[in-house]
Amino acid sequence: MKKKFKVILSSIAFLMTISLLQLPVYAAGFSVSKSASSVAPGGTFTVSVSVSGEGRFNFSASNGTVSSSSQWIAGSGSISVKAGSSGTVTVSVTASDVSASDGETVISGTHSVSVAINAPASGGNTTNSNNSNSGSTTNNTDTTTQQTEEKKEETKKSNVNTLASLTVSAGELSPAFDGNNTNYEVNVDAKVTSITIDAKATDAKASVSGTGEHALQVGANTLQVVCKAEDGSTKTYTITVNVDETPQVYLKLNKQKLGVVRNVKDLGVPESFEATTIKIDGNEVTAYHSNNMNKTILYLVNEKGEKNFYLYDEKEGVISIFIPVTVLGRNVYIIDVKKNDVKVDHTKFNKIQIDNNTFEGWTFTDDKNYSLIMVMNQKGEKVIYQYEATENTLQLYHQVKQEQSNQPKQQKHIMTYVFAATTVVFALISLVLIRYFFIHKKSLK
């Protein structure tokens, strides 16, 4: 019994040993393959690398040129190789810093592949140097594969993305067109409201976008034309069209010529005012109206090139300058004032500096620390403020106070007149009495 048991154990051990011997053992490494066994002079082929891991591989070629001398490959990767003029191309692939998929085993070594460079065909002879029929069949297959790959290389997509011509319907390009220059300027008249761009690509397979008619605004307009090559690469041509900003509508204020500013892009409009369109001399212009103030303003430029808002009335025309300012915490508007707008004794009309703002106003001659200014408030009302310079304060001023302060002076003047008149009357009466006395005295004698 024991003998049989030993025989069984021995048999099992033998079978297990045989099984282990038959299991494949995978060594960590990499393999290299080529896409063709031969190529034409100057032809290209592909060298592929397969690795059970990842890392950096270095590539070199004798009698040929590799597309990349180093590449990181995880699992598989490839490069293209361009053959020399004759002989054989040998490509060497070296594992530089490669680890197996277990993350521990280092893969190293160098593998090479060789590809023959075919001699140019002569006399229409289609057989190669291999005399065996089977060899000829194999080489013909390789040649067919090579020709197919060469055709693929020949159909490589074009990267030409330049323009052959670029024209505009108004004005002229500056500088003159050059396919390699991508930035241009065009100056057009104030009345030009649109421009048409035409362009043609250098390569028939390229496409062009951005042509056609474009609306223009006053001032600078940036337009772009894009040329896209067959391979997807693009080149952008930028045209800046400058529409003349010279005013087309003019108004007058106190013999001053004012033009309506046409370029109002990015203009900061005073609070409560909204853009609207009005007609002046049959021309539509941009104006701004405030329902809260019941005022309309225009943005005008004077002959010195200074731009400001101005109050405008359809019947009266331009009334006054209108400059929004903040003075000592108050939001007011500087307006045109005249010397006789405020009549206060002992004041002089001049320029007054308050909180970095200049006003035309009235300074008291007996105390120059006090001044008066007239401005417009946010209700559209003209108001007078009294400014005290030493403490830098501003408060509303009522002219009625001045009238009241003049009353004692007026009363004093009246009393003077009354006294003078009484004196004159008394003197006349005295003269009459004296005369009467003398006449009466003579009559008694």
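Mentor: Relative accessible area sorts residues as buried (under 20%), exposed (over 50%) or partly exposed in between, using a 1.4 Å probe and protein chains only. The model is predicted, so local features need pLDDT of at least 70 and side-chain atom pairs pLDDT 80 or more, while totals for chains, interfaces and linings use all residues. Residues are numbered from 1 along each chain as its sequence is written, and side-chain values use heavy atoms, without hydrogens and water.

Trainee: How many strands does the protein have, beside its three helices?

Mentor: Helices (H or I, at least four residues) and strands (E, at least two) are DSSP runs, numbered from the N terminus. Of the protein's 445 residues, 31% count as buried. Alongside the three helices, the secondary structure comes to 28 strands.

Trainee: Among contacts between residues at least 6 apart in sequence, what percentage joins residues at least 24 apart?

Mentor: A contact here means heavy atoms within 4.5 Å. Once the pairs are restricted to residues at least 6 apart in sequence, the share that joins residues at least 24 apart is 48%.

Trainee: How many residues are in the largest nonpolar core?

Mentor: A nonpolar core is a set of buried Ala, Val, Leu, Ile, Met, Phe, Trp, Tyr and Cys residues joined through side-chain atoms within 4.5 Å. In the largest one, the residues with the most contacts inside the core are Phe-30, Phe-45, Val-47, Val-49, Phe-57 and Val-93, and its size is 24 residues.

Trainee: Which elements give two or more residues to this core?

Mentor: In soluble globular proteins, nonpolar side chains tend to be buried together. Phe-57, one of the residues with the most contacts inside this core, touches Phe-30, Val-49 and Val-93, among others, when residues up to four places away in sequence are not counted. The elements that supply two or more residues to the core are strands S1 (30–34), S3 (44–62), S5 (70–83), S6 (87–100) and S7 (106–117).

Trainee: Is Val-188 buried or exposed?

Mentor: Val-188 belongs to strand S9, which covers residues 183–188. Beyond its neighbours within four places in sequence, Val-188 is in contact with residues including Ala-170, Leu-216 and Val-243. Because its relative accessibility is 9%, Val-188 counts as buried.

Trainee: What distance separates the C-alpha atoms of Val-188 and Val-243?

Mentor: Val-243 is among the contacts of Val-188, although the two are 55 residues apart along the chain. Their C-alpha atoms are separated by 5.1 Å.

Trainee: How far apart in space are Gly-219 and Val-188, C-alpha to C-alpha?

Mentor: Gly-219 lies in strand S13 (residues 219–228) and counts as buried, at 3% relative accessibility. Leaving aside neighbours within four places in sequence, Gly-219 is in contact with Val-241, Asn-242, Val-243, Glu-245 and Asn-263, and Val-241, Asn-242 and Val-243 are also among the contacts of Val-188. Gly-219 and Val-188 are 31 residues apart in sequence, and their C-alpha atoms are apart in space by 9.9 Å.

Trainee: Which residue does Glu-360 meet in a salt bridge?

Mentor: A salt bridge places a side-chain nitrogen of Lys or Arg within 4 Å of a carboxyl oxygen of Asp or Glu, and the structure holds one. Glu-360 counts as partly exposed because its relative accessibility is 34%, whereas its partner is exposed, with a relative accessible area of 59%. Across an N to O distance of 3.6 Å, the side chain of Glu-360 meets that of Lys-351.
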